[in-house]
Amino acid sequence: MKRLYGRDVHGSTLPWWREEAPPDDPCPPLEETVAADVAVIGGGFTGLWTALELRRRRPSSRVVVLEAARCGDGASGRNGGFLHGLWAALPRLIEILGDEQAVALAAEAAGVHGAVRALGEDVWLNESGLLTVATAPAHDAWLARAVEAAARVGRPEEALLLRPEELPLRSPLFRGAVLYRDGATVQPARLVRALRRAVLAAGCVVHETTPVVGIDGGTVRAERGAVRAEEIVLATNAAAARWPAARAIATFRSAIVLTAPVPDLRERIGWEHGEAVSDARTYLNYFRTTNDDRVLMGSASGDFALAVAALRQIFPALGDVAIAAWWEGAIDVSSDRLPVVATVPGTRIHYGVGYTGNGVGPSWLVARALASLVLGEAVTSPLAARRVPTLPPEPFRTLGASIVRRALLAVDDAEAAGRRPARWATGVARLPSLLGLRVASR
């Protein structure tokens, strides 16, 4: 128990999701050498979806999942539970992939809704859509760009512009929004638990509390055992940023605060259907409700103080509501802000990383591409075919990320206050794009 702004709260790495949905009994650690067709390293969304997809396509496959702690203990259990595909990223998809591939990829990504429903468990799936709201004049052009992109590729229904009076929730800062109908929310710990059950029921073997210490050829070495496998999948999310093959990945942090239940939430601010919401800042704020009427506020800045400040500024009607829990964790950001799927040259080691804060939905899409790589099938996903810019080596990567982060936050704050950003901030914020990197969300 810690103190945050004068209140006792739970923090800072154990998410409230895990308290609401405790995990099942643990799977035993690996304590011997075993053989498998595929070894999956990582028991989060990517690893579990991949294991399930492999068994679906080839039921005879021997799939072993190795998780260092408990399934979902990493980013899969710490996120805000936003389950959306890629329609909200359509302008960026078009810029990188072109119209046809962008539309095809976004349409495929929306299939995660059906995959979640097919698990047959209550994961608090709420398919009311995703709103991107403008909270400053500088954001208006971003909303217009999103709507224009969807209309230009013949899919105007995927990005609907809403006027302030049409919004389903109230805030004095909201200037309008874009509604993406493929947006949804889930309780991520419940989804992890449902996926883990499905993986075990499909015949996969899962070993928890089994940290992997090395990969030697086709052998995955754990602390007290090993897996000899023909194919290896690395599904460790932000931890892969420290891996030499992931030169396109940098690590940032995201922070979340969660209120106590607000029984009169709808009377205070509306939000009857509990839509997922984010603002249009570069280091965006994202917010949602829970099934017991709590409000979650996340900050891509990774700063708890900024998350609390955003909650109070965006929803002054909730000014008297207590903060009940808070947690934070690492996110992996790719150099073009799209997930990266690849095979380490000269090996049968495949990896999927770089979700850039949006992994709950796209992890299913990445898993499909990883399964194709493992099984030797044709890989049609552009996530595995495009050229991804590489980032500078360490320590320049971390130093550069820190400097750019400071500049982007300064630009965000100036725009929110209606001021012109300082020249140094604007100049530094533009540097990555001049190098072919897309680290900013807009």
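This passage describes a sheet, a cavity and a salt bridge in a predicted model.

The sheet is open and is built from eight strands. Read across the sheet, the strands follow the order S6-S7-S5-S13-S14-S15-S12-S16, and their pairing is mixed. The edges are held by strand S6 (160–162) and strand S16 (323–334). Each of these edge strands has a single partner strand, so one side of each is left without a neighbour in the sheet. From one strand to the next, the twist averages 20 degrees.

At one end of this order, strand S12 (residues 249–259) and S16 run antiparallel and are joined by eleven bridges. Within this pair of strands, Ala255 is placed opposite Glu328 in S16. A helix also packs on the sheet: helix H7 (residues 140–152) touches strand S5 (130–134), S6 and strand S7 (176–180). The direction of helix H7 makes about 30 degrees with that of S7.

A search of the whole structure for cavities of 30 Å³ or more returned one. The volume of the largest cavity is about 110 Å³. The largest cavity is lined by 14 residues, of which Arg18, Pro23, Cys71, Ala189 and Val192 are the closest to its centre. Sorted by class, this lining consists of six nonpolar, two polar and six charged residues. Helix H8 (residues 188–201) gives the most to the lining, with four residues.

Helix H8 also takes part in a salt bridge, through Arg190. In general, side chains of opposite charge can pair when their charged atoms come close. In the whole structure, the search finds 33 salt bridges. One of the pairs is formed by Glu20 and Arg190, whose closest N and O atoms are 2.9 Å apart. Glu20 lies in helix H1 (residues 16–20) and Arg190 in helix H8, so this salt bridge ties together parts that are 170 residues apart in sequence.

Methods
Residues are numbered from 1 along each chain as its sequence is written. This is a predicted model: local features need pLDDT of at least 70, side-chain atom pairs count only at pLDDT 80 or more; totals for chains, interfaces and linings use all residues. Side-chain values use heavy atoms; hydrogens and water are left out. Two strands pair if DSSP finds at least two bridges between them. Helices (H or I, at least four residues) and strands (E, at least two) are DSSP runs, numbered from the N terminus. Axes are lines fitted to C-alpha atoms, for helices over the stretch in contact, and angles run from 0 to 180 degrees between N-to-C directions. Contact means heavy atoms within 4.5 Å. On a 1 Å grid over the protein atoms alone, a cavity is a set of points where a 1.4 Å probe fits but cannot get out, and a pocket is an open set with protein on both sides within 12 Å along at least five of seven lines; lining residues have an atom within 4 Å of a point. Grid points are joined across faces, edges and corners, and a volume is the space filled by probe spheres set on the points. Ala, Val, Leu, Ile, Met, Phe, Trp, Tyr, Cys and Pro count as nonpolar, Asp, Glu, Lys and Arg as charged, and the others, Gly among them, as polar. A salt bridge is a side-chain nitrogen of Lys or Arg within 4 Å of a carboxyl oxygen of Asp or Glu.
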